[in-house]
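Work through the two exercises below with the sequence and the model open beside you, and try each task before reading its solution.

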There are 2 protein chains.
Amino acid sequence: MTDLEKRLLTALGITEAAAQVALGHFRNSPDIETKLDQSPVTVADKETETAIREGLARAFPREAIFGEEFGQTGAGGDMWIVDPIDGTRSFITGLPLFGMLLGYLTGQGPQLGIIRMPALDEVYAGAVGFGATCNGAPISVSACRELAKARLFINEGDKIAAQAPTVFARLVQAGELRRMGADCYPHALVARGLVDAVVDFDLQPYDYLPVSAVVEAAGGIMTDWQGGPLGMGSDGRTLTAATPELHAELIELVNA
Amino acid sequence: MTDLEKRLLTALGITEAAAQVALGHFRNSPDIETKLDQSPVTVADKETETAIREGLARAFPREAIFGEEFGQTGAGGDMWIVDPIDGTRSFITGLPLFGMLLGYLTGQGPQLGIIRMPALDEVYAGAVGFGATCNGAPISVSACRELAKARLFINEGDKIAAQAPTVFARLVQAGELRRMGADCYPHALVARGLVDAVVDFDLQPYDYLPVSAVVEAAGGIMTDWQGGPLGMGSDGRTLTAATPELHAELIELVNA
């Protein structure tokens with residue numbers, strides 16, 4: 001077993017245990033706090049990230065971790081990336097579409113990613129060289145090469161409408177089938193071949209790095225709006241596509 | 001047992017059986033057709049509505065039915081209202097948020113409603129005088145009386161943005177927590193007290209009539225954008241709110 005395989009299997013086990021912590025708070029009237037950026041955070045976020053950090057510390061003692069709730073601990077460019085509850089608005093409103101994200105980043109980019117959906121009992125995983133899976137079964141992206149035929153998700157539509165209104169106006173006319181969405185799950189559906197493209201906005205590294213590893217392991221593409229690779233310093237605007245042709249059309253659309 | 005109780009129990013059984021028909025097609029590459037209004041329809045829609053109609057015909061022979069796929073059969077103002085798969089875009093993209101809607105309408109308005117979520121294994125039901133339930137347990141709306149504190153769903157945001165842009169611009173600033181959504185589920189979450197308000201757009205009677213019966217049985221309010229009662233002839237723009245105060249603020253917002 002390679003080091004990367006071992007990391008992936010260990011990370012799957014850590015997220016499986018931590019998912020129970022998150023589920024214990026779901027639809028259970030969590031206290032809502034407000035962060036400086038106004039996104040709602042719950043006790044569940046903090047407890048769940050703590051569970052993941054404890055698991056990582058046991059398995060990989062001395063490795064760096066960057067997480068949504070507690071920032072960076074440990075030193076080094078190689079690090080674990082943690083979003084304990086991606087989609088706190090879903091979590092708070094009882095929508096079972098919140099996810100748990102865990103990735104491993106090196107100088108070569110994201111090496112592995114996990115998108116676990118605790119309330120749906122689904123886990124998507126991918127690693128460089130090993131392909132992608134959903135609940136252990138291989139998955140891959142669709143063959144859609146044309147935006148006019150694409151099943152498109154517009155994530156964070158309210159923010160795109162407010163901050164990039166001309167892009168939003170084009171997006172709401174694009175694709176064969178559009179749906180407004182949010183957070184990690186539409187990206188997982190791209191990896192699974194059920195959705196063809198996602199335009200996302202205002203993300204943080206812990207939102208897009210684990211997700212991009214799953215998408216790319218499934219054969220898809222995930223970049224910033226200029227088509228550049230995603231890293232810790234990206235601006236948080238992402239394009240996810242099943243094929244290079246579709247990806248090129250999306251780049252054109254958001255930059256026209 | 002009253003006639004209405006009998007109808008509700010029978011309708012629950014009919015939707016439980018029909019949900020298996022829908023689930024058999026979910027994530028199973030249904031052939032996508034295109035209707036005149038461009039909404040995607042699958043074989044699953046038609047087979048599922050047929051299952052519901054057969055169940056209704058056995059239990060209530062001679063009663064009128066109005067359904068999404070096959071229109072009206074039978075005569076009379078009292079009728080069953082059927083939407084076999086509410087959220088075909090969710091269904092097609094593998095999102096487990098499609099619902100099955102069944103209601104019973106008389107001259108006094110919707111008398112009962114069922115929102116069944118086949119892929120989530122949840123069923124919401126309500127009837128005039130009997131309250132509302134989720135999987136058999138009583139549910140009720142939240143006590144939220146203020147839009148600034150509300151958990152708000154903006155449904156069909158892309159259509160509102162295109163057709164009512166000034167309303168959309170106000171909506172994306174409203175509420176304490178906003179989420180873009182679609183279809184029946186956010187309304188069910190209002191009935192359950194997890195969401196406080198939903199603004200919806202471009203609905204058909206089979207979309208909003210069964211849903212409104214569940215919301216109102218749970219203590220909430222669902223009207224058109226002017227605050228008028230919902231019927232077969234409403235214009236398809238709806239406001240759903242947990243309390244009268246919140247409802248009044250929504251009416252003001254969409255008509256400002």
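**Exercise 1.** Find which residues Thr15(A) is in contact with, leaving aside its neighbours within four places in sequence.

*Solution.* Step one is to list the partners, where contact means heavy atoms within 4.5 Å: Thr15(A) touches Met100(A), Leu102(A), Ile114(A) and Arg116(A). Step two is to place the residue, and Thr15(A) turns out to lie in helix 1 of chain A, residues 3-25. Step three is to ask about exposure: Thr15(A) has a relative accessible area of 0%, and it is therefore buried, a term that means under 20% with a 1.4 Å probe and protein chains only.

The model is predicted, so local features need pLDDT of at least 70 and side-chain atom pairs pLDDT 80 or more, whereas totals for chains, interfaces and linings use all residues. Residues are numbered from 1 along each chain as its sequence is written, chains are lettered from A in the order in which they are written, and side-chain values use heavy atoms, without hydrogens and water.

**Exercise 2.** Describe how chain B meets chain A, beginning with how many residues of each are in contact.

*Solution.* Begin with the count, which is 30 residues of chain B against 30 residues of chain A. Next, take the buried area (the accessible area, 1.4 Å probe, lost on putting the two together, summed over both), which is about 2,900 Å², with 66% given by carbon and sulfur atoms. On the side of chain B, Arg27(B), Thr93(B) and Arg179(B) lose the most area to chain A, together 23% of what that side buries. Finally, count the salt bridges (a side-chain nitrogen of Lys or Arg within 4 Å of a carboxyl oxygen of Asp or Glu): there are 6 between the chains, and one joins the side chains of Arg27(B) and Glu122(A) at 2.8 Å, N to O.

Notes: Helix = DSSP H or I, 4+ residues; strand = E, 2+ residues; numbered from the N terminus. Buried < 20%, exposed > 50% of the residue type's maximum accessible area, 1.4 Å probe, protein only.
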